[in-house]
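Colleague: Mind if I quiz you on this one? I'd like to hear the reasoning behind each label.

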Amino acid sequence: MDYPTYRPRRLRRNERIRELVRETTLSPKNFIYPIFVGPGKNRAQPVSSMPGVSQLSVDRAVAECDEVNALGIPAVILFGIPDHKDPLGTEAYADTGFVQQAIRAVKEKIPELLVITDVCLCEYTDHGHCGVVKNGDVDNDSTLELLVKEALSHAHAGADIIAPSDMMDGRVGAIRKALDQNGFEQTAIMAYAAKYASGFYGPFREAAESTPQFGDRRSYQMDSANADEALREVELDIREGADIVMVKPAMAYLDIVYRVKTKFGYPVAAYNVSGEYSMIKAAGQKGWIDEQRIMLEVLVAIKRAGADMILSYFAKDVARLFMGK
Ligand code: PBG
């Protein structure tokens, strides 16, 4: 149909009619809120590069989970910052670790809140890499054993979903097998399947104190120039037992989100990472952009591209907006 018979503006005349034909809607139900759990008691240490985000002690993390749950957000993802770091990241798989403590405490207080745990070693190793370093690089297969231990300790503590973010080859299969052998066949895996080596993780590394002490993560995280490779990564993770596949970062990788959703038809998560959050917060604080408007525009774009769920530091802001708070 051509103009003047078809006039697209007819359906844009007012908000009611726009709502009627809106193709993509955001809901707090599709968000996952990241929480950084660290040492101490009643402690909240603000992350300077992420306004509104703090590193929390276990008790404060539980209080944060209460708030998240009350806002109608169904899930949190926990990141741990240990007291003590060493070459093998032993705190990552200690039953007394802050994440393990937080899982138990949250599951006891708010059993309905879904607890997802990030499985990686970079926050726990003194060198800041995501695995065991041998000859100046991260050794894949010896790292798998530690990741399996970490995943099992999270599952034992009561985690609902395990999210490996290390980008080692074969980790989803190794974790799935270990979970099944230990009676955790109902524990789901959300794989950071297409995770790119990205400058957008900068503020997170301040929050998690996980900047690599030498080199970078390019020998295990993906090259941002590659898209076909992302499909191979996702396919591998699905074959190894991933229930949900993630693309990370989100904003600069919407083509990947779209292609993954279209090709596999699997539940797709997109991680709206720290740098994406901080850029919007910073420009908003300067008065250069309308923070709330840009936030919603970016998040709806991520969903429109094909993400079923979004991990975002904006989750509480979005939920508050929906509740009119
Ligand atoms: C751990 C991990 C990182 C993020 C999530 N899990 C950092 C990294 O890979 O350097 C980044 C999240 C964010 O930037 O918000 N490997």
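Modeller: Go ahead, but keep in mind that this is a predicted model.

Colleague: What is the sign of phi at Gly324, just after α11?

Modeller: Positive: Gly324 has a phi of about 70 degrees.

Colleague: Which residues of α11 are called buried?

Modeller: In α11, which spans residues 315-323, they are Ala315, Lys316, Val318 and Ala319. The label means that each has under 20% relative accessible area.

Colleague: How do you know that they sit on the same side of α11?

Modeller: They cover an arc of only 160 degrees around the axis, so they share a side. An α-helix has 3.6 residues a turn, so residues three or four places apart point the same way.

Colleague: And what covers the buried residues of α11?

Modeller: The cover includes β1 (31-38), α2 (58-70), α10 (291-305) and β12 (309-312). Val318 is also in contact with Leu299, one of the residues that touch the most other members of the 113-residue largest nonpolar core. Helix α4 (residues 140-157) gives the most to this core, with eight residues.

Colleague: Now the ligand. What makes Tyr313 a polar contact of the ligand?

Modeller: An N or O atom in the Tyr313 side chain is 2.6 Å from a ligand oxygen. The cut-off is 3.5 Å for a pair of N or O atoms, so the Tyr313 pair counts. Arg217 passes as well, with a side-chain N or O atom 3.0 Å from an oxygen of the ligand.

Colleague: How much of the ligand's own accessible area does the protein cover?

Modeller: 100% of the 400 Å² that the ligand has on its own.

How values were computed
Residues are numbered from 1 along each chain as its sequence is written. This is a predicted model: local features need pLDDT of at least 70, side-chain atom pairs count only at pLDDT 80 or more; totals for chains, interfaces and linings use all residues. Side-chain values use heavy atoms; hydrogens and water are left out. Buried means under 20% relative accessible area, exposed over 50%, partly exposed in between (1.4 Å probe, protein chains only). Helices (H or I, at least four residues) and strands (E, at least two) are DSSP runs, numbered from the N terminus. The arc is that of the directions from the helix axis to the C-beta atoms. Contact means heavy atoms within 4.5 Å. A polar contact is a pair of N or O atoms within 3.5 Å; within protein, one must be able to donate a hydrogen and the other to accept it, and residues adjacent in sequence count only if both atoms are side-chain atoms. Accessible areas come from the Shrake-Rupley method with a 1.4 Å probe; for residues, only the protein chains shown count as cover. A nonpolar core is a set of buried Ala, Val, Leu, Ile, Met, Phe, Trp, Tyr and Cys residues joined through side-chain atoms within 4.5 Å.
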